[in-house]
Amino acid sequence: ERLSYVKSWMQFARTLGIILGCLLGMFPLLFLNTHRRCIVDVVKDTLPPEQKARFDSVIHDCSFKEDEKLLSCGEPGEFIFIILQGEVEIIGCDNANNPISVCRLGPGDMVGELEVVNDHPCVADVIAREDVRAQKIHKDDFLDIVGKGTSKNIFNENVRSSSQYVWYRMKMEGKLEKPE
């Protein structure tokens, strides 16, 4: 009977140790900044306060159901979408026009920005792979507030330095302008 009591006590102590260890190990995560800066944050940082306020007034919430397209390959890029919740998949086409999954993007990521600032049709389909909440800004509003030159330089520099844009770089090889 005493052995059973000791085993029970040891099991309780182990369980308590595991729970306390997890809590203490996770405690620092409560203080981490969970906001992931996206390129729009960088662009907004270049704006004076009145333009930031105007930017915030023309950005709108939107949502997409699973398998709904945000952008279609070959169509004009009319909006920039910032993903707030959910996941989208970028689907390109190879030379034989077969679909290729390029990447998946989630909260904090943005789509459509390069088509807007470089004024060309979409180079891939963007499809919601689950219900997606996003914010969108129309290209005319964006370019009017931010200016084509400033945003183009920031976005194109990001394209050159980020592995996220490999597909875009391949599709647009030689068509991107150098920073001014």
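This is a short talk about how one protein chain is put together, seen in a predicted model.

Hi everyone, and thanks for coming. Please keep in mind that we are looking at a predicted model throughout.

Let's begin with the whole chain. It has 180 residues, and 36% of them count as buried. In terms of secondary structure, the program finds 7 helices and 8 strands. The chain exposes about 11200 Å², with carbon and sulfur atoms supplying 55% of that area. Now take the contacts between residues at least 6 apart in sequence: 73% of these join residues at least 24 apart.

Next, the open sheet. Which strands form it, and in what order? There are 4 of them, in the order E1-E8-E3-E6, and the pairing is antiparallel. E1 and strand E6, residues 110-111, stand at the edges with a single partner strand each, so one side of each has no neighbour in the sheet.

Let's walk across it. E1 is joined to strand E8, residues 132-138, by 5 bridges, and here you can find Cys 62 standing opposite Ala 134 of E8. Moving on, 6 bridges join E8 to E3, with Phe 79 opposite His 138 in E8. Finally, E3 and E6 share 2 bridges, and Phe 81 stands opposite Val 111 in E6.

There is a helix to add to this picture. H5 packs on the sheet, where it touches strand E3 (79-85) and E8, and its direction makes about 60° with that of E8.

Hold on to H5, as we meet it again with the aromatic rings. How many aromatic pairs does a search of the whole structure find? It finds 4. One of them is Phe 55 with Phe 142, an edge-to-face pair with 6.2 Å centre to centre and 70° between the planes. Phe 55 belongs to helix H3, residues 49-58, and Phe 142 to helix H5, residues 139-146, so this pair ties together parts that are 87 residues apart in sequence. Are these two rings buried or exposed? Phe 55 counts as buried at 2% relative accessibility, and Phe 142 is buried as well, with a relative accessible area of 1%.

Another pair is Phe 79 with Phe 81: the ring centres are 6.0 Å apart and the planes are at 45°, so we call this pair tilted. Here the two partners fall into separate classes. Phe 79 counts as partly exposed, at 26% relative accessibility, whereas Phe 81 counts as buried, at 4%. Ring pairs also bring in Phe 64, linking Phe 64, Phe 79 and Phe 81 into a cluster. And Phe 79 has one more visitor: the charged end of Lys 136 sits over its ring, 4.5 Å from the centre.

From Phe 79 we can step to Val 116, which has its place in helix H4, residues 113-118. Val 116 counts as buried, at 1% relative accessibility. What does Val 116 touch, leaving out residues up to four places away in sequence? The list is Gly 77, Glu 78, Phe 79, Ile 80, Lys 139, Phe 142 and Leu 143. You will recognise Phe 79 and Phe 142 among them. As for distances, the C-alpha atoms of Val 116 and Asp 140 are separated by 8.7 Å, and these residues are 24 apart along the chain.

Now let's turn to strand E7, residues 125-128. Asp 125 and Ile 127 point one way from E7, Val 126 and Ala 128 point the other way, and all are buried. E7 runs antiparallel to E2, joined by 2 bridges, and also antiparallel to strand E4, residues 88-93, joined by 4 bridges. Look for Val 126 in the middle of this story: Leu 71 stands opposite Val 126, and Val 126 is also the bridge partner of Ile 90.

My last stop is a single residue, Asp 67. Where does Asp 67 lie? You will find Asp 67 in the loop between strand E1 (60-64) and strand E2 (69-71). Most residues other than glycine have a negative phi. Asp 67, however, has a positive phi, near 75°. Asp 67 is also exposed, with a relative accessible area of 52%, just past the cut-off, because exposed means over 50%.

That's my tour. Thank you for listening, and I'm happy to take questions!

Note on methods. Residues numbered from 1 in each chain as written. Predicted model: local features only at pLDDT ≥ 70, side-chain atom pairs only at ≥ 80, totals over all residues. Heavy atoms only, no water. Buried < 20%, exposed > 50% of the residue type's maximum accessible area, 1.4 Å probe, protein only. Phe/Tyr/Trp six-rings, centres within 6.5 Å; stacked < 30°, edge-to-face > 60°. Lys NZ or Arg CZ within 6 Å of the ring centre and 35° of its normal. Contact = heavy atoms within 4.5 Å. Areas by Shrake-Rupley, 256 points an atom, 1.4 Å probe, with all protein chains shown as cover. Pairing = 2+ DSSP bridges. Axes fitted to C-alpha atoms, helices over the stretch in contact; angles between N-to-C directions.
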